[in-house]
Amino acid sequence: MLNKVKFGKLLVCVSLSASFLFAGSVVAPLQSAEAATITSSSKANQIIATGKKYMGVRYKFGAATGQTRSFDCSSFTQYIFKKHGIKLPRDSRQQSKVGHAVKKSQLKKGDLIFFYSPIHHVAVYMGNGKILHTYGKPGVTVSKLSTWNSRITKIRRVL
């Protein structure tokens with residue numbers, strides 16, 4: 001009788017495992033690299049569109065997290081990425097350790113670009129040689145990346 005119980009339990013376990021394995025392959029097929037690229041590109045466009053809504057919002061070093069009256073560079077990136085489900089640390093140095101490194105020649109929309117050494121500025125790459133960021137008098141603004149090239153320290157992809 002004991003052997004029948006053990007065999008029954010084993011049969012149930014094997015059956016459940018097989019059904020989960022089969023169901024997983026039918027319900028959630030592997031995402032192709034092309035589909036993943038489209039998804040991250042779409043997310044990048046959404047993040048950039050959210051950031052552009054704050055054009056001209058004043059810059060304030062150490063601006064409080066989660067509010068939109070003022071931003072510093074890292075509270076801005078943290079805020080707009082969080083709106084789309086991506087959690088970033090509070091300051092630019094910490095943000096520069098998230099995701100994975102990217103070469104300048106591989107820049108894509110939504111990549112984070114870090115400036116100066118030690119790092120103390122961050123921007124979002126918008127494509128077409130432009131960045132979305134906030135600093136000084138213009139506040140949230142779009143700039144040509146070429147005017148910031150000599151200050152680039154790191155590029156990270158979090159999407």
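Helices, which are runs of H or I over at least four residues, and strands, which are runs of E over at least two, are assigned by DSSP and numbered from the N terminus. The structure shown in every view is a predicted model.

**Figure 1. Overview of the chain, with its 4 helices and 6 strands.** From the N terminus on, the order of the elements is α-α-α-α-β-β-β-β-β-β. The chain holds 159 residues, of which 36% are buried. Its exposed area is about 9900 Å², and 60% of this area is supplied by carbon and sulfur atoms. When contacts between residues at least 6 apart in sequence are considered, 55% of them join residues at least 24 apart.

**Figure 2. Close-up of helix 3, residues 73–82.** Of the 10 residues in helix 3, 9 are buried, so the helix is largely enclosed by the rest of the structure. The buried residues include the aromatic-named positions Phe 76, Tyr 79 and Phe 81. Cys 73, Ser 74, Ser 75, Thr 77, Gln 78 and Ile 80 are also among the buried residues of helix 3.

**Figure 3. Close-up of Ser 70, in the loop between helix 2 (33–52) and helix 3.** Ser 70 has a relative accessibility of 5% and therefore counts as buried, because buried means under 20% relative accessible area. Apart from its neighbours within four places in sequence, Ser 70 is in contact with Val 57, Arg 58, Lys 60 and Ala 63.

**Figure 4. Close-up of the salt bridge between Arg 90 and Asp 72.** Side chains of opposite charge can pair when their charged atoms come close. The count for this model comes to 2 salt bridges. In the pair formed by Arg 90 and Asp 72, the closest N and O atoms are 3.1 Å apart. This pair links distant parts of the chain, 18 residues apart: Arg 90 belongs to the loop between helix 3 and helix 4 (92–95), and Asp 72 to the loop between helix 2 and helix 3. Arg 90 counts as partly exposed, at 23% relative accessibility, whereas Asp 72 is buried, with a relative accessible area of 5%.

**Figure 5. Close-up of the salt bridge between Asp 111 and Arg 157.** The closest N and O atoms of Asp 111 and Arg 157 are 2.8 Å apart. Asp 111 lies in the loop between strand 1 and strand 2 and Arg 157 in strand 6 (residues 152–157), so the pair ties together parts that are 46 residues apart in sequence. Asp 111 counts as buried, at 2% relative accessibility. Arg 157 is buried as well, with a relative accessible area of 14%.

**Figure 6. Close-up of Gly 99, in the loop between helix 4 and strand 1.** The C-alpha atoms of Gly 99 and Val 158 are separated by 4.4 Å, although these residues are 59 residues apart along the chain. With neighbours within four places in sequence left aside, the contacts of Gly 99 are Arg 156, Arg 157 and Val 158. Gly 99 has a relative accessibility of 43% and so counts as partly exposed.

**Figure 7. Close-up of the backbone at Tyr 116 and Pro 118, in the loop between strand 2 and strand 3 (121–127).** Most residues other than glycine have a negative phi, and most peptide bonds are trans. Tyr 116 is not a glycine, yet its phi is positive, at about 75°. Tyr 116 counts as partly exposed, at 28% relative accessibility. The peptide bond from Ser 117 to Pro 118 is cis, and its omega is near 0°.

**Figure 8. Close-up of Asn 128, in the loop between strand 3 and strand 4 (130–135).** Asn 128 has a positive phi of about 50° without being a glycine. The relative accessibility of Asn 128 is 76%, so this residue counts as exposed.

**Figure 9. Close-up of a positive surface patch.** The patch is formed by four lysines: Lys 52, Lys 109, Lys 130 and Lys 144. One of them, Lys 109, is located in the loop between strand 1 (100–101) and strand 2 (112–115). Lys 109 counts as partly exposed, at 36% relative accessibility.

Definitions and conventions. Residues numbered from 1 in each chain as written. Predicted model: local features only at pLDDT ≥ 70, side-chain atom pairs only at ≥ 80, totals over all residues. Heavy atoms only, no water. Patch = residues over 30% accessible without salt bridge, like charges linked within 9 Å, V, L, I, M, F, W, Y side chains within 5 Å. Areas by Shrake-Rupley, 256 points an atom, 1.4 Å probe, with all protein chains shown as cover. Salt bridge = Lys/Arg side-chain N within 4 Å of Asp/Glu carboxyl O. Lys, Arg positive; Asp, Glu negative; His and termini not counted. Charge placed at Lys NZ, Arg CZ, Asp CG, Glu CD. Buried < 20%, exposed > 50% of the residue type's maximum accessible area, 1.4 Å probe, protein only. Contact = heavy atoms within 4.5 Å.
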